[in-house]
Amino acid sequence: MNEGWLALTQQALSLLFSLDPEVWSIISVSFSVSFAALAITLLPSMVLGFLLAFSRFRGRWLITNLIQTLQSVPTVVIGLLVYLLLTRMGPLGDLKWLFTQKGMILGQMMICAPVLVAMSQAAFTSVDRRAWETSRTLGAPWYNAIWAVCRELKVPLLLAIIAAFSRILTEVGCSMMVGGNIAGVTRNIPTAIALETSKGDFAQAIALGLVLLVLALVLNFALGTLRGKAEPRSH
C-alpha cells in the first residue's frame with residue numbers, strides 16, 4: 001500500500017472512530033431506512049412465500065414468475081416507478097413522500113419484497129411437507145404449524161433475510177431518485193459514496209465502504225456459524 005492509500009485509510013478510520021457527525025448521520029439514515037423497509041415487508045413476504053409453496057390456486061404460476069422477474073429489475077427502474085407514483089402529479093403525490101425517508105422506505109420495500117418472497121418460497125418448497133401435515137393432524141393451530149416449519153428452515157430463511165437486507169442497504173439507483181441525496185435527511189451510504197467519490201473526497205467514501213465491508217463480514221460469519229450448527233441435524 002503506497003503512502004497515498006495509507007493516508008486515505010487513516011483518514012477514513014479517523015472519521016469513523018472520532019464519531020464524525022456527518023459520517024454517522026449517513027450511516028444512521030442508511031440503517032434506519034433499510035431496517036424499516038425490511039421490517040414492514042418481512043412478514044407479508046414470508047406468508048406469500050409459504051402460500052406459493054404449499055397452496056395450489058389459479059394464478060400461482062403467474063405470481064411466481066412475476067416475482068422472479070421483479071428480482072432482476074434494476075433498482076433505478078424501481079426508483080423511476082416510485083418517483084412517478086410520488087411526484088406531485090402521481091397517484092400518491094398527496095402523501096408528499098418524494099425526497100423523504102418514507103419515500104425511500106417505500107422504494108426499498110418494492111426492492112426487497114421479491115427477494116424475500118422468492119427465497120422463502122424456495123425454502124418452503126424444499127421442506128418435508130409432513131412437518132406441516134403432522135402438526136395440523138395433531139391439532140396444532142395453523143400459525144403454530146407454520147412456526148414449526150419455519151424452525152426447520154431457520155438457516156434458509158435467515159439467508160433470505162440477509163440477502164434482502166444486503167440488496168436494499170447497498171442499492172443506489174432508487175435511493176438517489178426517490179430520496180434526492182439530501183444531506184442529513186435522505187443521504188445514505190451508497191449515495192454518499194457515489195457523491196464523495198465524484199467530488200474526490202475518497203476518505204469519507206472509504207470510511208462508508210468499510211462500514212459495508214464489516215457488515216458483510218459479520219453477516220457472513222454469522223450465517224456460516226448457523227449453517228455449521230444446522231448441518232449435523234440433517235445427517
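This short talk goes through the cysteines, the largest pocket, an annotated domain and two buried residues of one predicted model.

Before the details, the model is predicted, so local features need pLDDT of at least 70 and side-chain atom pairs count only at pLDDT 80 or more, while totals for chains, interfaces and linings use all residues. Residues are numbered from 1 along each chain as its sequence is written, and side-chain values use heavy atoms, with hydrogens and water left out.

Let me begin with the cysteines. The structure holds zero disulfides, a disulfide being a pair of cysteine sulfur atoms within 2.5 Å. For Cys112, the closest cysteine sulfur is that of Cys174, and at 11 Å it is too far for a bond. Cys150 is likewise in no disulfide, the nearest cysteine sulfur being that of Cys112, 17 Å away. Cys112 is also buried, at a relative accessible area of 0%, where buried means under 20% relative accessible area, exposed over 50%, and partly exposed in between, with a 1.4 Å probe and protein chains only.

Cys150 comes back in the largest pocket, where it lies nearest the centre together with Leu43, Met46, Ile146 and Trp147, among 17 lining residues. On a 1 Å grid over the protein atoms alone, a pocket is an open set of points where a 1.4 Å probe fits, with protein on both sides within 12 Å along at least five of seven lines, and lining residues have an atom within 4 Å of a point. The space in this pocket is about 460 Å³, a volume being the space filled by probe spheres set on the points, which are joined across faces, edges and corners. Helix H2 (21-54), helix H7 (142-152) and helix H8 (154-170) each supply at least two residues of the lining, helices being DSSP runs (H or I) of at least four residues and strands (E) of at least two, numbered from the N terminus.

UniProt, in an unreviewed entry, places the feature "domain: ABC transmembrane type-1" at residues 27-223, and such annotations may be inferred rather than shown by experiment. Over those residues the chain is 79% helix and 0% strand, with the end C-alpha atoms 23 Å apart.

Which residues does Asn188 touch, once those up to four places away in sequence are not counted? They are Ile26, Val29, Ser30, Met104, Gln108 and Ser175, with contact meaning heavy atoms within 4.5 Å. Asn188 lies in the loop between helix H9 (173-179) and helix H10 (189-199), and counts as buried at 2% relative accessibility. Gly173, in helix H9, counts as buried at 13%, and on the same basis of counting touches Thr75 and Val76.
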